[in-house]
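This briefing looks at selected side chains, taking a loop asparagine contact before turning to the pairing of aromatic rings.

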Amino acid sequence: GYVNEHEEIVFVPRFKEGREFSEGLAAVKIMRYFGYIDRQGEIAIKPRYIDAEDFSEGRAAVRILNEERERLWGFINKVGDMVVPAQYETTGAFSEGRCAVQKGDKWGYIDETGKVVIPFSFETAEEFSGGQATVELITKDGDWHEMEIDLAGNVID
């Protein structure tokens, strides 16, 4: 269930799990699957995902089980359309029009359409803030190197 800021019950408990509201929707688990409810407690996006994250910049990461039985992340919009196909092992949230995603053992960044805008070349990748993000890569000598990049993937001095 959910309570408001005055700790008054808004909807009675009826979900197996419920996440916080973001951009007007909250991920909830009904039986085995996640979907989303609106602020009135009505199902806004049908439960069909094995996991679901908060909305950020109009997109939410959802995890599905594909035909090969792989558990992969993709992104939906606020009406539940899959706008970025499920193909990532791990994902962050959208920030400043970019989202860090992991494919194989490397991280890169996509835009809201799913286009790769910064190639998969990092060991770790954080969300953008103030036009920059922290990433790590392994040098030819095998050392870990942390650096800041801009929205285009250029190293910031």
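**Asn66 and the aromatic pairs**

In this predicted model, Asn66 is found in the loop between β8 (59–65) and β9. The structure also holds four aromatic pairs, two of which are described below after the loop residue.

**The loop residue Asn66**

- Asn66 has a relative accessibility of 19% and counts as buried, because the cut-off for that class is under 20%.
- A polar atom of the Asn66 side chain lies 3.0 Å from the backbone nitrogen of Glu68.

**The pair Phe75 and Phe94**

- Among the four aromatic pairs is the one formed by Phe75 and Phe94, which is edge-to-face, with 5.1 Å centre to centre and 70 degrees between the planes.
- Because Phe75 lies in strand β9 (residues 71–76) and Phe94 in the loop between β11 (90–91) and β12 (99–103), this pair ties together parts that are 19 residues apart in sequence.
- Phe75 is buried, its relative accessible area being 1%, and Phe94 likewise counts as buried, at 3% relative accessibility.

**The pair Tyr88 and Phe120**

- Tyr88 and Phe120 form an aromatic pair that is stacked, with the ring centres 6.3 Å apart and 25 degrees between the planes.
- Tyr88 belongs to strand β10 (residues 82–88) and Phe120 to strand β14 (residues 116–122), so the pair ties together parts that are 32 residues apart in sequence.
- Tyr88 counts as buried at 2% relative accessibility, whereas Phe120, with a relative accessible area of 25%, is partly exposed.

Notes. Residues are numbered from 1 along each chain as its sequence is written. This is a predicted model: local features need pLDDT of at least 70, side-chain atom pairs count only at pLDDT 80 or more; totals for chains, interfaces and linings use all residues. Side-chain values use heavy atoms; hydrogens and water are left out. Rings of Phe, Tyr and Trp (its six-membered ring) pair if their centres lie within 6.5 Å; planes under 30 degrees apart count as stacked, over 60 as edge-to-face and the rest as tilted. Helices (H or I, at least four residues) and strands (E, at least two) are DSSP runs, numbered from the N terminus. Buried means under 20% relative accessible area, exposed over 50%, partly exposed in between (1.4 Å probe, protein chains only). A polar contact is a pair of N or O atoms within 3.5 Å; within protein, one must be able to donate a hydrogen and the other to accept it, and residues adjacent in sequence count only if both atoms are side-chain atoms.
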